[in-house]
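Visitor: Before I use any of the labels on this model, I want to see what each one rests on. Shall we take them one by one?

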Amino acid sequence: MALYVLYESASGYALFLAHGLDEIGQNTESVRSSVADLNRFGKVVKLVAFTPFESALDALNQCNAVSEGQMTDELRNFLELTLPKVKEGKKPKFSLGVAEPKIGSHILEETKIPCQSNEFVLELLRGVRLHFDRFIQNLKPGDLEKAQLGLGHSYSRAKVKFNVNRVDNMVIQAIFLLDTLDKDINSFSMRVREWYSWHFPELVKIINDNYLYAKVAKFVDNKSELSDEHIPGLTDIVGDEDKAKEILEASKSSMGRVCWPIADLFKA
């Protein structure tokens, strides 16, 4: 069964016939090894037909259709004119290799042309892409690169779809992010208070601020080891020597658990 390969370039549609597969073997590795050598790869495929796009806008429309798995009227006419005719009631003696399975399914559904998309076809297309400018006659140096660059910019702009009516969208998202962060910080603070209160429950009534509570909990760690020499450190954190002494006195008569098994959480 003959194998044709459809290649969508920035300049137009091209159809290749893989006619030299017997020379290299019909497997992926053999095609991969022949891709780098143009003389060898030129014996594997040959150009059957090429139809250029009418304009940059036409190229963009064709590219968008291909990316969405849709066959345009231009592509359908090109395939029906260049591929062998299939007699009604008989199975085609050829298949069409495509890069995207979606567009292959659409071509099969609309034209009954059997399509395939596999690693073997992708390797053939890789070789075609590498040597495409050598297959097309009267193609000036740099023309293909200019077409690819122009189509790439147009395609990217169309996909971004910048909405001038929503220029404040980033501000809205930033405010939403700040609200989310506030909720997460409050949740984490409540977990710290809840867990550390198993060890030192009296500290909750002394320190109301969540940030200061976490700093004090990290500094105190094990309440049984708290002593007068820790007063200066506590004073630096809470900003009040009397409150630091109150924390020390509360630790001495605390009703919490003596053992603090998850103290390592506050060392991180």
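**Labels and their grounds**

Visitor: Why is Cys63 called partly exposed?
Guide: This is a predicted model, and its relative accessible area for Cys63 comes to 23%. Buried would require under 20% and exposed over 50%, so a value of 23% falls in between. Cys115, with 24%, is partly exposed on the same reasoning.

Visitor: How many disulfides does the structure hold, and what would make one?
Guide: The structure holds 0 disulfides. The criterion is a pair of cysteine sulfur atoms within 2.5 Å, so no pair here meets it.

Visitor: How do you know that the length of helix H4 agrees with its number of residues?
Guide: H4 covers residues 56–67, which is 12 residues. The expected span is 1.5 Å times one less than that number, so the 12 residues should give 16 Å. The end C-alpha atoms are 16 Å apart, which agrees. Among the buried residues of H4 are Asp58, Leu60, Asn64 and Val66. Gly69 follows the helix and has a positive phi, near 75°.

Visitor: What makes the sheet open, and which strands stand at its edges?
Guide: 5 strands make up the open sheet, in the order E3-E2-E1-E4-E5, with mixed pairing. Strands E3 (45–52) and E5 (115–116) are at the edges; each has a single partner strand, so one side of each lacks a neighbour in the sheet.

Visitor: How do you know that E1 and E2 pair?
Guide: Pairing needs at least two bridges, and 5 bridges join E1 (residues 2–8) to E2 (residues 12–18), so the two strands count as paired. They run antiparallel. Tyr4 stands opposite Leu17, and Leu6 opposite Leu15. The connection from E1 to E2 is a hairpin through 3 residues.

Visitor: How many bridges join E2 to E3?
Guide: There are 7 bridges between E2 and E3, so the requirement of at least two is met. These strands also run antiparallel, and Ala14 stands opposite Phe50 in E3.

Visitor: Why is E2 described as largely enclosed?
Guide: 7 of the 7 residues of E2 are buried, so the rest of the structure largely encloses the strand.

Visitor: What makes the contact between Arg76 and Glu110 a salt bridge?
Guide: Their side chains meet at 3.5 Å, N to O. The limit is 4 Å, so the pair qualifies. Arg76 lies in helix H5 (residues 73–82) and Glu110 in helix H6, so the pair ties together parts 34 residues apart in sequence. Both ends are partly exposed: Arg76 has a relative accessible area of 28%, and Glu110 has 35%. A network of salt bridges links Arg76, Glu80 and Glu110.

Visitor: How many salt bridges does the structure hold?
Guide: The structure holds 6 salt bridges. One of them joins Glu123 and Arg126 at 3.0 Å, N to O. Both residues lie in helix H7 (residues 119–130), 3 residues apart, about one turn of the helix.

Visitor: Is Glu123 buried or exposed?
Guide: Buried: its relative accessibility is 10%, and the cut-off is under 20%. Its partner Arg126 is partly exposed, at 35%.

Visitor: Why is the pair Lys245 and Glu241 called a salt bridge?
Guide: The N to O distance is 3.7 Å, which is within 4 Å, so the label applies. The two residues are 4 residues apart in helix H14 (residues 241–252), about one helical turn. Lys245 is partly exposed at 41%, as is Glu241 at 42%.

Visitor: What makes the phi of Lys112 worth a remark?
Guide: Most residues other than glycine have a negative phi. Lys112 is not a glycine, yet its phi is positive, about 65°. Lys112 sits in the loop between helix H6 (101–111) and E5. At 60% relative accessibility, over the 50% limit, Lys112 is exposed.

Visitor: Where does Asp221 lie, and is it buried or exposed?
Guide: Asp221 is in the loop between helix H12 (210–220) and helix H13 (231–238). Its relative accessibility of 17% is under 20%, so Asp221 is buried. Asp221 too has a positive phi without being a glycine, at about 60°.

Visitor: Which residues form the nonpolar patch on the surface?
Guide: Leu177, Leu178, Leu181 and Ile185 form it, with about 380 Å² of accessible area together. Ile185 belongs to helix H10 (residues 169–197).

Conventions
Residues are numbered from 1 along each chain as its sequence is written. This is a predicted model: local features need pLDDT of at least 70, side-chain atom pairs count only at pLDDT 80 or more; totals for chains, interfaces and linings use all residues. Side-chain values use heavy atoms; hydrogens and water are left out. Patches are made of residues with over 30% relative accessible area and no salt bridge: like charges are joined within 9 Å, nonpolar side chains (Val, Leu, Ile, Met, Phe, Trp, Tyr) within 5 Å. Accessible areas come from the Shrake-Rupley method with a 1.4 Å probe; for residues, only the protein chains shown count as cover. Buried means under 20% relative accessible area, exposed over 50%, partly exposed in between (1.4 Å probe, protein chains only).
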